[in-house]
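Here are some notes to go with the model you asked me to look through. Keep the 3D view open and click along as you read.

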Amino acid sequence: MLKIEIDSGSGFCFGVTTAIQKAEEELAKGNTLYCLGDIVHNGMECERLRQMGLVTIDHEQMQRLRDVKVLLRAHGEPPETYELAKRNNIEIVDATCPVVLQLQKRIRKNYEVGMANSQIVIFGKKGHAEVLGLVGQTHGEAVVVESIDDVKNLDFSNNIYLYSQTTKSLDEFHRIIDYIQAHIAPTATFESFDTICRSVANRMPNISAFASRHDLILFVCGRKSSNGKVLFNECLRINPNSHLIEGPEEIDTRWLEDVQTVGICGATSTPKWLMEQCRDALSALVMQ
């Protein structure tokens, strides 16, 4: 008999849960609600909310809107988005994650103190919505680094203030700190600020333990999720028999050969109902 377990620690983080609740509350009132960008990096959850009436737009489309209500998702936005909303009489439903909001304030304060002979550096994914919001706090002057190779291009003769996208790996962040400390000029100042969300960072050891307990791991996640890629790679490191799927239709019965236990887990953008659908589909396949 195949044993299937859904990881109790997987599923939406606080920020995503709050954003979706705010969207559902507005839609329940019968209001037209726009969302700037996908509310979560999961196509099936976005489709569920679209059927409830949520209209997803991009920044270009927002410029043409007037007198409407727009939800800002958990990732946060640069100051320019709020300025546009004010000009166009757009009511903002702000679902920016409190952790991201606090990080934005810290970076803006650091920038406003003065940037002479200084670099604000953000460890994150270039072009990611959260990172764009963070860089926006510095009028585009912050430097984004994705890896040690990017860090090598910094000016180590100038002061460096290092921050991180909230969903990045703690281990990678510390490797970058070590590299900068080893190369910074004696006359320059280096300060690092650990701004990684612990509700996300703590999932790494939890998901490692979960992956080690099962013969097969099904990691349910939208392929655009930055956090999902990090967590899935950790599953794969612990358990080579791990597969990333976006939904139950991607389950391959060949994966079940000589398998007695299956673990189903996901990213901070993966809804519980989707993991449950995968469990039910797997059970149905076994019964055939």
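1. First, a word we need: a pocket here is an open set of grid points where a 1.4 Å probe fits, with protein on both sides within 12 Å along at least five of seven lines. Keep in mind that this is a predicted model.

2. How much space lies in the largest pocket? About 340 Å³. To find the spot on your screen, pick out Cys13, Val16, His75, Thr167 and Thr268, which lie nearest the centre of this pocket. They belong to a lining of 25 residues.

3. Now for the helices around that space. At least two lining residues come from each of α1 (14–28), α5 (98–113), α9 (198–201) and α11 (226–238). Of these, α1 supplies the largest share of the lining, with 3 residues.

4. What is the lining of the largest pocket made of, by class? There are 13 polar residues and 11 nonpolar ones, plus 1 charged residue.

5. Next, the second largest pocket, with a volume of about 260 Å³. Its lining has 16 residues, and the ones closest to the centre are Ser169, Leu170, Asp171, Met204 and Val230. Two or more lining residues come from each of α8 (170–183), α9, α10 (203–212) and α11.

6. Which element gives the most to the second largest pocket? That would be α11, with 6 residues. You have met α11 already: it also supplies at least two residues to the lining of the largest pocket, and so does α9.

7. The class make-up of the second lining is worth a look too. It divides into 7 nonpolar, 5 charged and 4 polar residues. Set that beside the lining of the largest pocket, with its 1 charged residue.

8. On to the backbone. Most residues other than glycine have a negative phi. Yet His139, which is not a glycine, has a positive phi of about 55 degrees. You'll find His139 in the loop between α6 (129–135) and β7 (143–145). Is His139 buried or exposed? Exposed means over 50% relative accessible area, and His139 has 62% relative accessibility, so it counts as exposed.

9. Asp258 is another one to click on. It has a positive phi of about 60 degrees, and it isn't a glycine either. Where is it? In the loop between β11 (242–245) and β12 (261–266). With a relative accessible area of 78%, Asp258 is exposed.

Key:
Residues numbered from 1 in each chain as written. Predicted model: local features only at pLDDT ≥ 70, side-chain atom pairs only at ≥ 80, totals over all residues. Heavy atoms only, no water. 1 Å grid on protein atoms, 1.4 Å probe; cavity = no way out; pocket = protein on both sides within 12 Å on 5 of 7 lines; lining within 4 Å. Points joined across faces, edges and corners; volume = space filled by probe spheres on them. Helix = DSSP H or I, 4+ residues; strand = E, 2+ residues; numbered from the N terminus. Nonpolar A, V, L, I, M, F, W, Y, C, P; charged D, E, K, R; others polar. Buried < 20%, exposed > 50% of the residue type's maximum accessible area, 1.4 Å probe, protein only.
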